[in-house]
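Q: Can you walk me through the reasoning behind some of the labels here?

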Amino acid sequence: MWAHSHKRIQLHPDLHVISQMDVEELIYTLVEVIIAISCCLGNMLVILALWTSKGIKQPTFSLIVSLAVADFLVGCVAIPSAVVVDGKLRTSFHACLFISCVVILLTFVSVLCLAAIAVDRFLRVYIPLRYKRTVTQKHSCLMVATCWLVAVPLSFTPMFGWYNHENLPASVNSTMCCRFIDVIPFSYLVYFNFFLCTLIPLLVMVVLYSFVFCTIRGNLRKKPGNNAQNASQHYLRKEKQLAGSLSLVLALFALSWLPLHIMNCIAYFGENNVPLSAFHVGIMLSHANSAVNPIVYAFKIQKIKEGYLKIWRGWILCAAENQGSQANQATDSKSSSNCNIVEAGIR
């Protein structure tokens, strides 16, 4: 009896650790579900707002729509895939590798769309008189297509051999517990994903936005004289406001993704002693960026704010009309029933 109770006391800490891990996994999954729903609803609203306000025809806003589509897909594709590749599914090695590459894909699309937006803002200030002739709707559509097409080979590079060969099973038909880090090597995440495809584009974007702000600030310091100069000052203020809003989107992207990339660097160059819970926080923070962007658009970009209000007014109007039609139907049915009662009384 004493031996049995002593044995139970020894097993108790292990059971406590297991239950704690289960709680962490549950919290991680629930938070990811909330973020995914927010991504889908918020970015769908952005797409509808620009579609209804015809802003999608303007080059800058077509790029913002592309970014919103990528953020929407983060909610309905990337986040479920990220939860799956956290050990929730048994698959073949290459199936797990493919799902992991899909998770990476939308990150590259976001980076390339942000870079395209920065180039667009740069051209708007650098060649203001030739901008409308140079950057047409056709060119912006080509830029959007280029962002998506270039992101595919970049994200699926591990499928061509840059994967964890030591975890590749000997048998083709064997399955494994699918974990992102078991198939994607840290060398790819650090050197290719972070240094080459994220950090360098971010630094280029910072330089472009710095040029935009310095140019606009220098032109605004000039004292306006005639009406043409006053109109130019008004145009520059609008450009400064839009560039500031888009640079805020870029800053939030960097702040959301840098912690996860830094942890990958620590795990690769250090002793791989980053706790799993820290990685979970970094992953959730990176996904939350896609849910935050629609809120930034609502408060900072006038055209998207107007689109939101238009959708909201249309929804209220439709709700009022439906309520009115239901009230009319109820009144008609009530009057017809009263008539039937009267007729019955007469008979």
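A: Sure, starting with a helix pair: Ile64, Leu67, Asp71, Val74, Ile79 and Ala82 in α2 meet His287, Ser290, Asn293 and Tyr297 in α9. Meeting here is contact, heavy atoms within 4.5 Å. Helices are DSSP runs (H or I, at least four residues), numbered from the N terminus.

Q: What makes up the contact of α2 with α9 by class?
A: Six nonpolar, three polar and one charged residues. Ala, Val, Leu, Ile, Met, Phe, Trp, Tyr, Cys and Pro count as nonpolar, Asp, Glu, Lys and Arg as charged, and the others, Gly among them, as polar.

Q: How far can I trust this?
A: It's a predicted model, where local features need pLDDT of at least 70, side-chain atom pairs need 80 or more, and totals for chains, interfaces and linings use all residues. Numbering runs from 1 along each chain as its sequence is written, and side-chain values use heavy atoms, leaving out hydrogens and water.

Q: Why is the pair of phenylalanine 108 and phenylalanine 192 called edge-to-face?
A: The structure holds 16 aromatic pairs. Rings of Phe, Tyr and Trp (its six-membered ring) pair if their centres lie within 6.5 Å, with planes under 30 degrees apart stacked, over 60 edge-to-face and the rest tilted. These two have centres 6.5 Å apart and planes at 80 degrees, so the pair is edge-to-face.

Note on methods: Helix = DSSP H or I, 4+ residues; strand = E, 2+ residues; numbered from the N terminus.
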